[in-house]
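Hi everyone, thanks for making time this morning. I'd like to walk you through one domain boundary, so please have a look at the sequence and the structure first.

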Amino acid sequence: MLLADYSLLRHNTFGFDARARYAMHIDSVDAAAALATDTRIANMPQLVLGGGSNVVLTRDFDGVALIVAIAGKRVIGEDDDAWLIEAGAGENWHDFVAWTLAQGMPGLENLALIPGTVGAAPIQNIGAYGLEMGERFERLSAVELATGERVEFDRAACAFGYRDSFFKRAGRGRFMITSVVFRLPKVWTPRAGYADVARALEGAANPDAQAIFDAVVAVRRAKLPDWTVLGNAGSFFKNPVVSAAAFETLKQCEPGVVSYPQADGHVKLAAGWLIDQCGWKGRGIGGAAVHDRQALVLVNRGGATGAQVLELAEAIKRDVLARFDVELEMEPVTL
Ligand code: EPU
């Protein structure tokens, strides 16, 4: 059904009251494939929305919002090493992770409580607490919006990187992901090395997947605002990656800089620390503010607009550049 003048308030976790000229709920692959020949929306800008947890809506959208609501979760096969699990793109990510644990198929527990949908997960290759989704990914199915053609993408075709994939680059805006297949290893090993998670697990000698799931949920609840209470889109910037030489120069002036050496010799910096050092924690512009427990998260304290959030982000970028000579890159996509 084509809905007119549709409020996107409940479809973006920042809670911006933007409207779309039209909206459609897409609940099957056939419905996704039929879009290409739907004359009512031909030549109209299209915006694919999952949970809206990684988007900044700065204005009303003069086009059709395609809200992905394709359901279903099932075990589709196994080989010697792993189970293959398929989920519809519209499934809630956290509920899906909990379901895999209930099936006795761990492997995604570090990614508990990440807002959004299964279909959005590959777009920015969600990651947290020592695991990236790409490590558990087998393949995905998508529909090319312009042609209605059904396409499969294996891991190589997705070109996953840190908060990055083909779907944020050359594939941006061209596809609707309809389902994702995950590969969950039969021999499970815990990933409990991330400092906050290790602390939350203290005392547990051999944590099982449920214990890690619970620890991740506890850490996230303590640090990250619940978007249903305080609108936000998680980390607003990527953690910047700099050369070893640039890092050495920085470290001489800023010995406390929080950093993570990368396998290729580069160094990832904690953007939250950089922003925090610039004194931004808890400060804001209008209703848009820096979260008081995690400086990497921008929040809508109420009544903020997307434009104010972007203005705040620019001010933060300027300060971080001036003080540390480091360029921050936004994580969410902007409309
Ligand atoms: N820090 C501060 N002040 C702050 C925030 C952080 O000093 O206000 C320092 C702390 O020293 C802390 C370090 O920065 O130890 C790292 O902070 P944290 O553990 O909270 O993680 P992060 O690097 O800020 C990243 C991801 C999160 C993910 C966590 C855990 C990015 C952009 N963000 O945040 O992902 O949950 O690690 O793995 O990579 C998201 O992408 O939306 C997201 C929430």
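**Where domain 1 meets domain 2**

Let's start with the spacing: the centres of domain 1 and domain 2, taken over C-alpha atoms, lie 24 Å apart. Do keep in mind that this is a predicted model. For orientation, the domain assignment splits the protein chain into domain 1 (3–68), domain 2 (73–222) and domain 3 (226–334). I'll stay with the first pair today.

So how many residues of domain 1 and domain 2 are in contact? On the domain 1 side there are 15, and they touch 16 residues of domain 2. Together the two domains bury about 1200 Å² between them, with carbon and sulfur atoms giving 68% of that area. Which three residues supply more than any other three of what domain 1 buries here? They are Val29, Ala36 and Val68, with 33% of the area that domain 1 buries against domain 2.

Now the polar side of the story. Between the two domains the count is 1 salt bridge. Asp30 and Arg150 meet through their side chains in a salt bridge, at 2.8 Å from N to O. There are also 2 residue pairs in polar contact between domain 1 and domain 2, counting pairs with both residues at pLDDT 80 or more.

And which elements of domain 1 do the touching? α1 (29–34), β3 (46–49) and β5 (61–68) each bring at least two residues to the side that touches domain 2. The largest share, 4 residues, belongs to α1. By residue type, that side of domain 1 divides into 9 nonpolar, 5 polar and 1 charged.

That's my tour, and I'm happy to take questions!

How values were computed
Residues are numbered from 1 along each chain as its sequence is written. This is a predicted model: local features need pLDDT of at least 70, side-chain atom pairs count only at pLDDT 80 or more; totals for chains, interfaces and linings use all residues. Side-chain values use heavy atoms; hydrogens and water are left out. Domain bounds come from an automatic or database domain assignment. Contact means heavy atoms within 4.5 Å. Buried area is the accessible area (1.4 Å probe) that two parts lose on being put together, summed over both. A salt bridge is a side-chain nitrogen of Lys or Arg within 4 Å of a carboxyl oxygen of Asp or Glu. A polar contact is a pair of N or O atoms within 3.5 Å; within protein, one must be able to donate a hydrogen and the other to accept it, and residues adjacent in sequence count only if both atoms are side-chain atoms. Ala, Val, Leu, Ile, Met, Phe, Trp, Tyr, Cys and Pro count as nonpolar, Asp, Glu, Lys and Arg as charged, and the others, Gly among them, as polar.
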